[in-house]
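Q: Please take a close look at one part of this model, the contact between its two domains, and then set that part against the rest of the structure.

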Amino acid sequence: MNRETIKDIMQSQGILPQVKFGQNFLCDEDIIQSIVDLCEVSSVDHVLEIGPGLGSLTYPLSELTDNMTCVEIDHGLADYLSSNIRNAKIIDSDFTKTDNLGDFEVVVSNIPYYVMTDIMKKLFADYSDARKIVFMVEDEAIARIDCGPDTKQYGPLAILCSLYGTYKYEFKVPHTAFIPQPRTTSAVISFSREETADILCPEFVKFLNTCFSMRRKMLKKNLTPIASPDVIDEAFRSIGIKETARAEELTPEEFSRLYKAIN
Ligand code: SAM
């Protein structure tokens, strides 16, 4: 889909991009094709797209497989896509509130910034069996995804990303690639699943949220609602975590071991 096609659809359907849903539609065909290539979809793959918008990624991806599911929060856009796209199932819903939609090998999303963390946490909780995840995010969000212990940005999101698998910064996307143009630049990133993702599930995400519930407090204190002091002490000892450690000091692997030890 190029700039003219997007403009035509918006005009003929009376669609005005909704800022509250982070609607910036991709209109650069080279970038669209590069994202589709990164997804490495084969005809047997089940593909999940979050926020298909006007279908910039949906149309080319749905040509590669008959098993594509998209979740779109905007009723107007969901209606439009349902009537126009032949080969994808459109679910008219807020992704963060959906029940598990099944198994997917590939997940793709040009993620709206306002809900990025919630969407990613839900993805890593419910769809961590996917072999490949491709996201477009605001460039500045990368700092919260690609960071390690003892940094200000480090938290559940970075830990989930790290445990899911191999992260790659693919390429920058200029604001001119969208209608309407956002103020910031974006980036396409990808994740390939590794075995460390086996731990990811809704309970693990809740566990991480509990660990970071009070960042400045000792981790032990944050854990008291979910495990007895004896269990926590023993787990800390066996993993070699110091008594006074705060959550931000632990590596993703230590969180994985700690979760196993107290469950
Ligand atoms: N994928 C399209 C593209 O690349 O042109 C649209 C991307 S636009 C940045 C983000 C899309 O996500 C919009 O269509 C918006 O309505 C949708 N969206 C926003 N929040 C959502 C949510 N919580 N659940 C599902 N879709 C959402």
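A: What follows describes the domain contact, then the ligand surroundings, then some local features of the chain.

The model is predicted. Its domain assignment gives domain 1, covering 3-199, and domain 2, covering 202-261. Taken over C-alpha atoms, the centres of domain 1 and domain 2 are separated by 31 Å. Domain 1 puts 15 residues into the contact, and domain 2 puts in 18 residues.

Between them, domain 1 and domain 2 bury about 1,400 Å². Carbon and sulfur atoms carry 69% of that area. On the domain 1 side, Tyr154, Ile159 and Ile199 together supply 37% of the area buried against domain 2, which is more than any other three residues supply.

The search for charged pairs across the interface of domain 1 and domain 2 returns zero salt bridges. Polar contacts do occur there: five residue pairs across this interface meet the rule, with both residues at pLDDT 80 or more. Two elements, α5 (116-126) and α7 (156-164), each give two or more residues to the side of domain 1 that touches domain 2. Of these elements, α7 gives the most, with five residues. By residue class, the side of domain 1 that touches domain 2 consists of eight nonpolar, three polar and four charged residues.

Salt bridges are found elsewhere. Side chains of opposite charge can pair when their charged atoms come close. Over the whole structure the search finds 16 salt bridges, although the interface of domain 1 and domain 2 has zero. One of the pairs is Glu40 with Lys132, whose closest N and O atoms are 3.7 Å apart. This pair links distant parts of the chain, with the two positions 92 residues apart in numbering. Glu40 sits in the loop between α2 (29-39) and β2 (47-50), while Lys132 belongs to strand β6 (residues 132-138). Glu40 also has a backbone feature to note: its phi is positive, about 45 degrees, although the residue is not a glycine.

The ligand is the next item. It is surrounded by 22 residues, and the closest are Leu26, Gly51, Glu72, Asp94 and Tyr114. Gly51 offers a polar backbone atom 2.8 Å from a nitrogen atom of the ligand. Side chains supply further polar approaches. A polar side-chain atom of Gln23 is 2.9 Å from an oxygen atom of the ligand, and an N or O atom in the side chain of Asn110 is also placed 2.9 Å from an oxygen atom of the ligand.

One peptide bond also needs attention when the backbone is checked. The bond joining Ile179 and Pro180 is cis, with omega about -20 degrees. Pro180 lies in the loop between β8 (178-179) and β9 (186-193).

To return to the part requested, the domain contact buries about 1,400 Å², and the five residue pairs in polar contact across it are found alongside zero salt bridges.

Key:
Residues are numbered from 1 along each chain as its sequence is written. This is a predicted model: local features need pLDDT of at least 70, side-chain atom pairs count only at pLDDT 80 or more; totals for chains, interfaces and linings use all residues. Side-chain values use heavy atoms; hydrogens and water are left out. Domain bounds come from an automatic or database domain assignment. Contact means heavy atoms within 4.5 Å. Buried area is the accessible area (1.4 Å probe) that two parts lose on being put together, summed over both. A salt bridge is a side-chain nitrogen of Lys or Arg within 4 Å of a carboxyl oxygen of Asp or Glu. A polar contact is a pair of N or O atoms within 3.5 Å; within protein, one must be able to donate a hydrogen and the other to accept it, and residues adjacent in sequence count only if both atoms are side-chain atoms. Helices (H or I, at least four residues) and strands (E, at least two) are DSSP runs, numbered from the N terminus. Ala, Val, Leu, Ile, Met, Phe, Trp, Tyr, Cys and Pro count as nonpolar, Asp, Glu, Lys and Arg as charged, and the others, Gly among them, as polar. A residue is near a molecule or strand if one of its heavy atoms lies within 4 Å of it.
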